[in-house]
Amino acid sequence: MAAFILRRLGALGVILFGSSFILYNLAAISADPLEELRLSLDPSRDAQITALTRELQLDVPPPLRYFLWLRGVFGIFVGQPNFGTGRDGAAVIESLSIAIPVTLRLVLAATILAAILGIMIGIVTALRQYSRFDYSMTFVAFLLFSLPIFWVAVLLKEYLAISFNNFLRDPIIPITWIIGIGLVSGLFWASIIGRNRKLFWTTYAVAFILSSGLVTFFGVTGWLLNPSLGPIVILGLSIGLAFGVTQLSVGLINKAALRASLTMAGLSIVAFYPANWVFDNYPGPLGIFLMICGLITTAVFVGLAFSKIDRVPIVRTSIITAVLSGGLVLVDKFMQTWKPYMETEAINRRPVPTVGERNDLLNSTDFWISSLDIVTHLFLPTLALTLIGFAGYIRFARGTLLEVLNQDYIRTARAKGLTERTVIMRHAFRNTMIPMTTILVADFAGVVGGAFITETVFAWSGMGTLALQGIRSQDLNLLMGVFFVTATMAVLANFVADLLYSVLDPRIRAGSGE
Amino acid sequence: MKLSPRAKFALTVGASVALAISLLAPAQAATRSTVVLHQTNPQTGLNCSLSTTNSTVCTEAASLTGMGFNYYNDKKKLVRNTIFGSYRVVTNKPNDFRVRYTVAEGRVWSDGTPITGVDLLLSHVTGSDEYSKAAGLGDPASETEKPAFNGLLYTSTYGKNIAGDPVLSSDQMSVTLRWKTPIADWDLYGPGPSPVHALVHLAEGKTSLQSASANLAAKERFLTAFKAKDSVLLKKMGKVWSEDYSITTINKDTNPLLLISNGGFIVESAVPRTSMTFKLNPRYNSGPKMDGSIDTVVFKLITDGTAATQALANGELDLYAGQATADVVAALNKISSVNVLGGEVAVYEHFDLHLDTVEGESAYSGIFSVKGGARAKALRQAFLLGIPRDEIMEKIIAPINGVKEPMCTTWVSPGTAEYDKICASNGSSFYSRGTQESRNKKALALVKRYYPDAVKNPVKVNVLVPANNTRRAAMFAITKANLAKVGFDAVGDVQSGWGALLGNGKYDAFFFGWSSGSITQRQSCDVFETNGQANYIMGLSIKRIDSACNSMFVPLKENILLTKYILADRALFAEAATLPIFVFPAVYAVNKDLKGIKPNPLSPNLTWNYWEWNY
C-alpha cells in the first residue's frame, strides 16, 4: 500500500510539472501583455513599456521564465510558497485564498444538493421503472442536462428575481396560479405514489387540495411578506420526519427507533422557545454550533435510553431526526428575519438578488440579517447549478440501482424473506453508492476549479473569475496560480477515489495490480 | 362632546377611507442616498500611477476621492477647479516659462490637515527623472533597477521638459514650476496634491491617524527631505507609494493613513474583484459643493453584460456602463425604470495603409508602398474608397448610439465647431462624396487603370485582423464584401497577438482603434509624423505634417492651431494613407430617479461630476 501511494504521488508530481510547463509556455506565447500599451497614444508609453517589461521579466524567454516561477512554487517545501504577484499588484496566493472560499460557498451547496436530490429521484425512478414518473423524470433530466447555465440563469433571474420582486410589492396570487400549482403538484405526487388508478386519483386529489390550499393561504395572509412556521407546524413536520426517517433507516417495525425519533421530534418543539432565545441573545455561528452539539448529544442519550439491543441504528435514526427537526427551527428563525431584512434600506423590498455574493449597501450588524443576505444571494446560483447538476445524478443513480437490483444477491435477499425496505436500503442502495463515489469525487475536484460561467453570470469572484482575469489581462502568474490549485485538486481527487474504492469495496485492493 | 349618529357614521366612513388609502397607497419610498455604479474591470489599488494599477476603474475611484487643479468635463474641455486653487503663467519667455500653482486657503484633507503647497511637491519627486537621480532614488530609465517611486510618471512630458525643482513660496501655499521652453498643454502637466504627511507617517511605520501637530511636523519633515534630497526618508516614502497603496482588500483593519484624500468621497471598503464602497467625506471642500443627497457610492463589478442588465432591472445597479452592443441596447431599452444614454469613448477606429518600411520591422514593398509611385497611390485611394463606411456605421454603430456619420478627421473630436471646419477643407470629402455605389465606380476605375481585369483577377491585399473582437470581425466582413466589388481581394490574417504585428512588412493594411487619454495640441502627431512616438506603423513620412507637428510643441492660439491641423490633415488625405471610421460607441443606462450623470468620453467616464448627482 505504501509503495502504491508513493508511486502515485511521484506520478502526481511528474504530471503537475509537465502540464504546468506546457501551459505556462502556451499562455506566455499566446498573450502579449504589452498589447494594450502598444496601441496607446499616451506620451509616457515607452516608459510604461520599459516598466512593465521590467516588472514581468518579459525579456526572459518563456521556457526559462517558467523556472523562475517554479522556483517560487518550490517554496512550498519550506513553507514559503511564492506564486508571484498578479498584474493588479496583489500577491497571487492572497487572491487565491480569497477566491477559494467563495468558490466553495458557491459550488459546494449546489453539488451536495444536486447529489442528494439526484440520487433520491434516481432511486425512485429506478423503483418505478417505466412508470409515468420515470418517463417524465427522464424527460426532465435530459432537458436540464442540455440546458446551458447562462440561459437557465437568465430565465431564473427574470422570473424568480425580477418578476418575483415585482410581485412582492403587491403579493396577490392569481387564481390561475393557485389551480396550476395544484395540478402540477397533484401530478407529481400521484405519479410517484399512485400504483393503481384509485390510489392515483386519491393522491392527486389530496395533493391538489393541499397545495392549492397552501398557496391560497400564503396569498391571503401575506405569508410571503412575513413568513414563519411557528411551533405547531414545526411539530407536525417533525413528527412526519420522525416517521419518514425511521421507515427509511430501520423500518417502522422497529418500535424503539420510532419512539426515540418521536421523542426527539417532540423535544425539538420543547426547545423551540429556548432556541429562539439563544438565537436572539447570542447570535453567531458559535451559538448554533453549540446547540447542534447539544442536540446530537441528547439524541444519542435518547436513542440509548429507548433501545436495548442493536443500539447503533436506533441512535443513528434519532440523530437524523433530531438534526432535521432542529433544522426546521433554524429555518423558522430565518423566516422570521425575512421581514426586517426586506425592510432595510439596502434591500428596499426587493429581496431576491440577481448578482453578487452579498449586498454591498447592507450595513447591518445583525447576524441573522447578514446571514439571510448570504442565503438570498446563494439562492439563484445554487438553484441554477443544482438544476443542471442533478440531472446527471438522476440518470446515474437510476442506471446503477437497476443494475444492482438484477444481481444475484438481491434475489437471494428477497428469497430470504427480507422486507422490501431492507432489500432496497441495505443491500441495493449501499452497493449503488460504490460507483457513485467516482463521480462524487470528480465533481468535488471540479468544485475547486470553479464554475467559470456561473461565476460570470452571477458576478461572483471565485476561482473561475481569477482564471478569466488571468487570461484576459495576460496575467501569467495569476493564471498559473489557479491552474496549480485546480490541477493539484484534480490529480489528488483521482488518487483519493482510488483509495476510497479499496475501502468501500473489499474486492478491490490497491497496489496489488501486478 | 356629543355626536349625532350621522356624524359618527360619517366619521367612521372617513376614518375607514383614510385607513384604506393609507394602506393602499404605496409606502412613500425613502429617498435613496446610494448610487451603485457598474464596473466591468476589477479595481486595482489606490495609487493609479503604477504599472499594476493604471486602469480606468482606478481613475474613476481616484476622481471620487481626489480633487486637483482641473478636470475634463463631458465636452472634453479642461475645466479649472478654482475652489481648490488657481494657476497662471508668471514668466513667458522662449527659454524660461514659469507657472505658479496656488492652493486656496482653508482646503483640508479628510483627516483635517490643511492642504498646502508642500503637498504639491511630491508630484515632482514621482515625475522628474532628474530629481530621482539627484536624490539617489534610482534612474527611472534603467532597464534593470527599479526607481524608489516605481511609477509610470517618469520619462514623460513632465520629466523631459521641467527645469530645476519647483519653488515653494514663503507662505507655503504656492509652487512655481519652471519649464525649459513654453510647452503645449502645460496645464495638463501641472502638479497634483498628495497627502505627504500620510506618506511620511506610513514610511515611519504608523498605523493610525495622527494628531494635527504631528501631521504638520510630518509635512515639515518631508519638506526638509525634499529640499535636501534626503534619500533615506524619500526611499521609504517611495516604497510606501509604490507598494502599500496597491491594496484591493479594504476594511476596518486597513491602515486609515492610506485612505486620506481630499475628494467628495473616501474609500470605506473594498472586496477584490467584487466591489468597492465610498462614503461621503464630511470635510470635503476641495471642489464644487455637493448639492446631492448621495452619501454612498458603490462600484460593483459585473463582467457579463446580460447579468448587468438584469441587475439594473432588479434595482441592484443604478447605472449600466458595460459592453456597447446592439443586443444590450435592445435589452436596456426594454427596462422601464431606466434612461438609456448613447455615448462615446475616446477611441477612434480607422484603416491604415502601409506606405513604407517601419524602422525595426521587416521590410515592406507591397502594392501600397510609396516606391510604387502613382500606381500605388491610385490603389490606396481605390482601397479607401472601397471601404463602405456608411454601411459600417449603419449596421454596426447606429444601432448602439444612433451615430450615422463616419468620422472625417482624427485631429479634433466630432461634435465641435473646429471639427466641422477641418472636415470642410481637409480633403476628406473625396471619400464621402456621393453614394457608396458611385465611390465604388470611381475606385474600380482607379484599379482598372493598372489591373484591367481586376474584377476577374482581384488584387490581393493582406489585412491584419484583430482576433477576439466580434465588432471588428463584422466590420471586416462588410468591408471585404464591398472591396470585392472594386477589384480587391482583402485577405484577412486573424491574429490574437495583433498588437505586436502592427507595422509588420507582411501586411498592406491594418485596422484598429487608437485610444487617447487626454486632449492635447499635438493630438495625432505621434502617429503621423516621421518616426512618431506611438503607433508609427505606416512608415509615413510627409514633410508638411512633420513641419506642422514640429511647431505644435509650444502653446498656440486656437485659430493658428486649426490652420495647422487642416494643413496636416490635407496632406494626409492627399497621400491616401489612412481613413478614420468611427468613434467607439458607448452605452449607459441610468436609474430614472438618479439625476446628473453625464458620461464623459475621456476617463474618468462617470465620476468626474459626482457633486452634481442627486435623486
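The largest nonpolar core, in this predicted model, has 229 residues, and those with the most contacts inside it are Leu37(B), Leu199(B), Tyr320(B), Ala509(B) and Val587(B). Such a core is a set of buried Ala, Val, Leu, Ile, Met, Phe, Trp, Tyr and Cys residues joined through C-beta atoms within 7 Å, where buried stands for 20 or more other C-beta atoms within 10 Å of the residue's own, exposed for 12 or fewer, and C-beta atoms are placed from the backbone. Because domain 1 (77–244) and domain 2 (350–583) of chain B both give residues to this core, it lies between them. Leu37(B) touches, among others, Val297(B), Phe299(B), Asp318(B) and Leu606(B), residues up to four places away in sequence being left out. Apart from this core lies another, of 20 residues, including Ala257(A) and Val302(A).

The bounds of the two domains come from an automatic or database domain assignment, and their centres, taken over C-alpha atoms, are separated by 41 Å. Their contact (C-beta atoms within 7 Å) takes seven residues from domain 1 of chain B and nine residues from domain 2 of chain B.

Chain B also meets chain A, with 53 residues of chain B in contact with 48 residues of chain A. Helix 9 (305–313) of chain B is one of the elements that give two or more residues to this side, and helix 9 gives the most, with five residues. The classes on two of the contacting sides are set out below, with Ala, Val, Leu, Ile, Met, Phe, Trp, Tyr, Cys and Pro counted as nonpolar, Asp, Glu, Lys and Arg as charged, and the others, Gly among them, as polar.

| Side | Nonpolar | Polar | Charged |
|---|---|---|---|
| Domain 1 of chain B, touching domain 2 of chain B | five residues | one residue | one residue |
| Chain B, touching chain A | 18 residues | 28 residues | seven residues |

Helix 14 (residues 436–450) of chain B has 15 residues and should span 21 Å at 1.5 Å a residue (times one less than the number of residues), which agrees with the 22 Å between its end C-alpha atoms. Helices (H or I, at least four residues) and strands (E, at least two) are DSSP runs numbered from the N terminus. In helix 14 of chain B, Arg439(B), Asn440(B), Ala443(B), Leu446(B) and Val447(B) are buried. The buried residues of helix 14 of chain B fall within an arc of 125° seen down its axis (from the directions of the C-beta atoms), so they line one face of the helix. Glu437(B) and Ser438(B), on the other side of helix 14, are exposed. The cover over the buried residues includes helix 11 (373–385), strand 13 (459–466) and helix 15 (470–485) of chain B.

Residues are numbered from 1 along each chain as its sequence is written, and chains are lettered from A in the order in which they are written. Local features need pLDDT of at least 70 and side-chain atom pairs count only at pLDDT 80 or more, whereas totals for chains, interfaces and linings use all residues.

Technical notes:
Two residues are in contact if their C-beta atoms, placed from the backbone, lie within 7 Å.
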